[in-house]
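Please open the model in your viewer and keep the sequence panel beside it. The stops below are meant to be taken in order, each beginning with something to select.

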Amino acid sequence: MPKPKSFLRRLQIDHAQRSHNCQHNSAHRIRQGGQRLKVTDGRDQEHFCVPCAIQFLEGDVAKLQSLIAALKAAQTTRLAEEVLPPSASTAPV
Ligand SMILES: [Zn+2]
């Protein structure tokens, strides 16, 4: 069995080496040693302050839950179609 894949490997929490602005809102300051969310995209990295990170991750959780629900619905529909004999789907109800 192949190892389960994760789409979240590019997200990490780390500590700022020096103080800098949040990359979503330059009014948000991340102080040296403060925690931040690091997002790696290829060779690019972005860093977000904790409140922004929580907001984005909560939005992503909601999106992931709706994707899972949609995929489960598709799976259930497909399984139902495969289980029913071909005549059953065309039979009058
Ligand atoms: Zn921020």
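Two residues are taken to be in contact when their C-beta atoms, placed from the backbone, lie within 7 Å. With that in mind, and remembering that this is a predicted model, select Cys22: leaving aside its neighbours within four places in sequence, this residue is in contact with His28, Ile30, Phe48, Cys49 and Cys52.

Next, keep Cys22 selected and add Ile30, Leu37, Phe48, Cys49 and Ala53, which together with Cys22 make up the largest nonpolar core, a set of 6 residues. In soluble globular proteins, nonpolar side chains tend to be buried together. Across the protein as a whole, 8% of the 93 residues count as buried.

Now switch to a cartoon view, in which 2 helices and 5 strands can be traced, following the pattern β-β-β-β-β-α-α along the sequence.

Select strand E4, residues 35-41, together with strand E1, residues 11-15; the two pair in the antiparallel sense over 5 bridges, and within this pairing His15 stands opposite Gln35 in E4.

Keep E4 and add strand E5, residues 44-48, which pairs with E4 in the antiparallel sense, also over 5 bridges. Here Asp41 stands opposite Asp44 in E5, and if you zoom in on the turn of this hairpin, you will find 2 residues between the strands, with Gly42 in the turn having a positive phi of about 65 degrees.

Finally, return to the whole chain: among contacts with a separation of 6 or more, 31% are accounted for by residues 24 or more positions apart.

Methods. Residues numbered from 1 in each chain as written. Predicted model: local features only at pLDDT ≥ 70, side-chain atom pairs only at ≥ 80, totals over all residues. Helix = DSSP H or I, 4+ residues; strand = E, 2+ residues; numbered from the N terminus. Buried ≥ 20, exposed ≤ 12 C-beta atoms within 10 Å, placed from the backbone. Pairing = 2+ DSSP bridges. Core = buried A, V, L, I, M, F, W, Y, C linked by C-beta atoms within 7 Å.
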